[in-house]
Every structure is written in structure tokens, then in C-alpha cells.
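Subject: The structure I promised you

Hi,

Here is the model we talked about. Open it up and have it beside you while you read my notes.

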Amino acid sequence: MLVRMVGQSGLRVRHILSQARWNCATASTITLSSQFHTSTMLQLTLADLKKKGNMKSSAKLTKKDGVPSDYQLVYRLGMESYIEPTKYLAFISGITTLVILPLLVLNQDQLPSYEFMGNLSISSGWESYMMLGVILNHALAGLYIAHKVPLRMYFSEESNNFIIVMNHFLLPWKKSLLTVEGGDVTQLVKDRDIWQMNNFRHCFLSSKRVFYMGHNYFMTGFYYKKLLGINSEESDQD
């Protein structure tokens, strides 16, 4: 059950990040099927991925994130409902792997008697290590993605800067608040963009930290331009 949940979560997020296009005009359906031959199907549309998060509960979120009251919510990830459970599942999977590994090393003579996922059995040490490797790989991928994708951004007219809410890399219940000035973020374009992430890939100029965000999740395009420092007096009127 654990491997199936981790596999589905990791597969879901990889498809979301690699197949969501910046300039999609039509809502093509992405169907993600379980790789463990289950009947459960997950159907997402690119229209859902492009939809920004709900901005109406900004006061509640501001208090939850520990952001000063003079900051306004201007960016909310539409995939928040996928990222949040993914990071917890990845954390639990990683801890489970670290607990199981020493037990397997100390009880290798009992491996042939173990049954795993119905008809799938573990009969040798390398098979068990491979299974744990798959679980750990998905756990690290889930934590990495959750760490690289901002959940929310706030902007203060008074301070003229942004506060970006990011997930902690290891602790899923912990958030990191980054104060960023306009112009400290730039789009990072690579010549070889195999996964077609150039439209999402950005980095902080001060720390060179890479992260991924979509401009469609901003309240208006003005705040995206403001964050990148490319706004002008004309765009301020938009």
C-alpha cells in the first residue's frame, strides 16, 4: 500500500510539472493511470493547472503564515491541494525507509518468507533493497518538488517588497518566509530544456536558489513584473 501511494504521488507531480505548458489555449486532458494495475484513474485538465488559488481567504492565510497584516496575498499556487499531501507522504515514506532498512539487513535469512502486495513476493536481498530504493527515490522527489514550488506570495505597498512562503525541505509542517525585493528574481532559461520548464524556472539573484512558479497564479500580471523588476509606469496603470 505504501509503495503504491508513493508511486502514484510521485507520478502525479512529475506529470503536473512536466506537461503543464505556459501558453496552452485549450484544456487538454491529462490522464494518469496507476502503474500498479489498479482501477483508480486521476484526470486533470490543463485549465485546472492554470487556475490560480482562491484569493478570498487572504486574511486567514496571512495569519496562518505569520505574515504582517500590511501584506496582501498576490500569488497562490493552484496546485496547493496536490503539493500539501505530497510532502507529508514523502516525509512518511522516507522515515519508513530508514526504519525498514536496518531490519532487512539484520533479518536477511527471513526474506523468503515475506510476501509483499499480494502475489508480489520478496525473495532476495537485492529485491528488497531495490524496493526501498524506489520508495526513497519517490520520497526525495516529493520533498524536492514541494521545496522548489512557492505556495503563496504577499506584497506590501508600505514596505514595497514581497514575502514568499516556501516549504521546508525536510519538515513538511514547517514553512520558510523569504523577504524579497522587486528585481531580486529572474527567469532562468536553459538552452537544453528537456522538460520544457523554462517558463516556470526562476532563481533568486542574491542566493542563486532555483525555484518554479507560474505567472498565471498571480493576482495580476503587474505583481509578476514587479517581482522580476521589469514593471514600468505604464504597467503600473494596468
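Let's start with helix H6. This is a predicted model, and in it 6 of the 8 residues of H6 are buried, so the helix is largely enclosed by the rest of the structure. The buried ones are Phe222, Tyr223, Tyr224, Lys226, Leu227 and Leu228. Just after H6 comes glycine 229, which has a positive phi of about 75 degrees.

Next, the inside. The largest nonpolar core has 27 residues, and those touching the most other members are Tyr75, Leu77, Met153, Val185, Met213, Phe218 and Leu227. Which elements give two or more residues to this core? They are E3, H4, helix H5 (125-148), E4, strand E5 (161-167) and H6 (221-228). H6 gives the most, with 5 residues. There is also a second, separate core of 8 residues, and Leu61, Val67, Ile163 and Val165 are among them.

Tyrosine 75 is a good one to click on. If you skip its neighbours within four places in sequence, tyrosine 75 is in contact with Met55, Pro150, Leu151, Arg152, Met153, Met213, Gly214, Tyr217 and Phe218.

Now have a look at strand E3, residues 72-76. E3 is mostly covered, with 4 of its 5 residues buried. E3 pairs with strand E4 (residues 152-156) in the antiparallel sense, over 4 bridges. One pair to find there: leucine 73 has tyrosine 154 in E4 as its bridge partner.

Glycine 183 is worth a stop too. You'll find glycine 183 in the loop between strand E6 (175-181) and E7. Is glycine 183 buried, exposed or partly exposed? Its relative accessibility is 28%, and buried would need under 20% while exposed would need over 50%, so glycine 183 counts as partly exposed. This loop also brings us back to H6. Glycine 183 and leucine 227 are 44 residues apart in sequence, yet their C-alpha atoms are 5.7 Å apart in space. Not counting residues up to four places away in sequence, glycine 183 touches Leu205, Lys226, Leu227, Leu228 and Gly229.

From that loop, carry on to the strands E7, E8 and E9. E7 (residues 185-187) and E8 run antiparallel and are joined by 3 bridges; threonine 186 stands opposite cysteine 203 in E8. E8 also pairs with strand E9 (residues 210-212), again in the antiparallel sense and over 3 bridges. Here histidine 202 has phenylalanine 211 in E9 as its bridge partner. E8 and E9 make a hairpin with 5 residues between them, and in the turn lysine 208 has a positive phi of about 65 degrees.

Which way do the side chains of E8 (residues 201-204) point? Arg201 and Cys203 go one way, His202 and Phe204 go the other way, and all are buried.

Last, the outside. Ile95, Leu98, Val99 and Leu103 make a nonpolar surface patch of about 380 Å². Leucine 98, one of the four, lies in helix H4 (residues 80-106). Why does leucine 98 count as exposed? Its relative accessibility is 57%, and the cut-off for exposed is over 50%, so leucine 98 falls on the exposed side.

That's my tour. If you want a place to begin, try H6, the helix that gives the most residues to the largest core, and then work outwards.

Cheers

Definitions and conventions. Residues numbered from 1 in each chain as written. Predicted model: local features only at pLDDT ≥ 70, side-chain atom pairs only at ≥ 80, totals over all residues. Heavy atoms only, no water. Buried < 20%, exposed > 50% of the residue type's maximum accessible area, 1.4 Å probe, protein only. Pairing = 2+ DSSP bridges. Patch = residues over 30% accessible without salt bridge, like charges linked within 9 Å, V, L, I, M, F, W, Y side chains within 5 Å. Areas by Shrake-Rupley, 256 points an atom, 1.4 Å probe, with all protein chains shown as cover. Salt bridge = Lys/Arg side-chain N within 4 Å of Asp/Glu carboxyl O. Core = buried A, V, L, I, M, F, W, Y, C linked by side-chain atoms within 4.5 Å. Contact = heavy atoms within 4.5 Å.
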